Amino acid sequence: MADSQNSNCGRIRTLTIRYPLSAIRFGSPHRGFPLCATQNNRVTSGARYGNGKRWRRAPARPLNGHRWSDTGAWTTSQNGIRPWGFCMQLDGKLVAITGSGRGIGRAMALAFAQKRANLALIDLNAEDLSQTRALCEAEGVRATSYICNVTREDDVGATLDQIVADFGRLDVMINNAGITKDGLLVKVHEGKVVNKMSLDQWRAVVDVNLTGVFLGAREAAVRMIGLGNGGVIISTSSISRVGNMGQSNYSATKAGVAAMNVVWAKELARYGIRTGAIAPGFTRTEILDAMKPEMIERAVSAVPLRRMGEPAEMAHAAIFIAENDYFSGRVLEVDGGQRL
Ligand SMILES: NC(=O)c1ccc[n+]([C@@H]2O[C@H](COP(=O)([O-])OP(=O)(O)OC[C@H]3O[C@@H](n4cnc5c(N)ncnc54)[C@H](O)[C@@H]3O)[C@@H](O)[C@H]2O)c1
């Protein structure tokens, strides 16, 4: 389904006339020839773009929901072709967010609503969801809530089917739901092991933070490919992915999310799907309720900016990833300069 916003793009032009030397030498943000122009609202398949050693044909469709950005570095006079500066316009797009009942997920929903995107809000908690929904609707966009447990394969599939049925599109999928169940691998008191991280503790976190992200991304990719419009899959990792004390389970899942983000960038680019992960530092949300105040204080004192992050600051990163069409497969760290 082509997007009418692409209608300002014209036909493919001769490289020598239309492109400055720098474009020929360095290529475009789409790697290689910057000749992805459109005809009748579609990117023509005549354009080619490079991928390492091989040349491939450009997708027969635009990476939909996108249009040439006003920030394009160069433009032709006649048809408004802007060979780079391709930027997703969020107005009217559909953004699905897991864990959007509260915290960072809610802030993301609000930020996308302020960009005039419609929202599919996914969470376990109906009451929290209705509050997020009201906040989004107050921004004048359409928002719908879906109760879904991201650990359950059938639940995730059915929810995404319903979202596509309700909105007719899926442009951005944000796999944000996450939990912590911290504990030392082994706790020792006076030379004796008195506790250890239980298998339940391990599995619960793996189920939500890793399997939940895997299912969300997989099912979103299936539907994005089916719709033929491309899209963006964003996942929430953490600065703890490098290995944080007391978080064997959590750190493992967040490292897994960062790795899957790279895999999916490579596997899904050919379908016009980009990926991105956000690694928040300590952020002021209810997830920290499980931490003792003195632990939070100690953690904050290790942050160069000497404060916790705000959910809106994480949401800002999600907007950047969604909008920037040359961002894929990377983790954006939003941590006040903290390194664990
Ligand atoms: N707050 C932080 O300091 C921090 C730091 C790094 C990473 N993160 C990550 O950011 C994400 C959001 O964290 P937050 O601080 O907003 O947490 P939060 O606890 O405030 O919100 C998490 C949301 O996920 C939902 N959720 C949990 N399990 C679910 C399930 N099985 N299915 C559907 N929804 C489920 C919860 O109901 C809740 O609304 C998480 O992935 C978290 O690991 C948070």
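How many C-beta neighbours does Val331 have inside 10 Å, and does Val331 count as buried or partly exposed? The answer is given in the legend for Val331, after an overview of the predicted model.

**Figure 1. Overview of the predicted model.** The secondary structure of the protein consists of 9 helices and 15 strands. The protein has 340 residues, 42% of which count as buried. Among contacts with a separation of 6 or more, 68% involve residues 24 or more positions apart.

**Figure 2. Close-up of Val331 in strand β15.** Strand β15 spans residues 330-334 and contains Val331. Val331 has 19 C-beta neighbours inside 10 Å and therefore counts as partly exposed, since burial requires 20 or more. When residues up to four places away in sequence are left out, Val331 touches Ser237, Ala258, Asn261, Ala277 and Ala279. Pro280 is 51 residues from Val331 in sequence, while the C-alpha atoms of the two residues are 9.9 Å apart in space.

**Figure 3. Close-up of the shell around the ligand.** The ligand is surrounded by 30 residues, of which the closest are Gly99, Gly103, Gly178, Thr285 and Ile287. Two elements, α3 and α6 (199-227), give two or more residues to this shell. The most is given by α3, with 3 residues. By class, the shell comprises 11 nonpolar, 15 polar and 4 charged residues.

**Figure 4. Close-up of the packing of helix α3 with helix α4.** Helix α3 covers residues 103-114 and helix α4 covers residues 126-137; their axes come within 9 Å and cross at roughly 20 degrees. The two helices are therefore roughly parallel to each other, because the limit for this class is an angle under 35 degrees. The crossing of α3 past α4 is right-handed. On the α3 side the contact involves Arg106, Ala109, Leu110 and Ala113, which meet Thr132, Leu135 and Cys136 of α4. This contact of α3 with α4 contains 5 nonpolar residues, 1 polar residue and 1 charged residue.

**Figure 5. Close-up of the packing of helix α6 with helix α7.** Helix α7 spans residues 248-268 and packs with α6 at an angle of about 15 degrees, the axes being 9 Å apart. It follows that α6 and α7 are roughly parallel to each other. Their crossing is right-handed. From α6, the residues making the contact are Gln201, Trp202, Val205, Val206, Asn209, Leu210, Val213, Phe214, Ala217 and Ala221. From α7, they are Asn249, Tyr250, Thr253, Lys254, Gly256, Val257, Met260, Trp264 and Leu268. The contact of α6 with α7 divides by class into 13 nonpolar, 5 polar and 1 charged residues.

**Figure 6. Close-up of Arg116 in the loop between α3 and β8.** Strand β8 (118-123) and helix α3 are the elements joined by the loop that holds Arg116. Although Arg116 is not a glycine, its phi is positive, at about 75 degrees. Arg116 counts as partly exposed because it has 14 C-beta neighbours inside 10 Å.

**Figure 7. Close-up of Glu190 in the loop between β11 and β12.** Glu190 is located between β11 (186-189) and β12 (192-196), in the loop that separates these strands. The phi of Glu190 is near 50 degrees, a positive value in a residue other than glycine. Glu190 is exposed, because 5 other C-beta atoms lie within 10 Å, and a residue with 12 or fewer falls in that class.

Technical notes: Residues numbered from 1 in each chain as written. Predicted model: local features only at pLDDT ≥ 70, side-chain atom pairs only at ≥ 80, totals over all residues. Axes fitted to C-alpha atoms, helices over the stretch in contact; angles between N-to-C directions. Helix = DSSP H or I, 4+ residues; strand = E, 2+ residues; numbered from the N terminus. Parallel < 35°, antiparallel > 145°, perpendicular 65-115°, else oblique. Left-handed = near helix turned anticlockwise from the far one by under 90°. Contact = placed C-beta atoms within 7 Å. Nonpolar A, V, L, I, M, F, W, Y, C, P; charged D, E, K, R; others polar. Near = placed C-beta within 6 Å.
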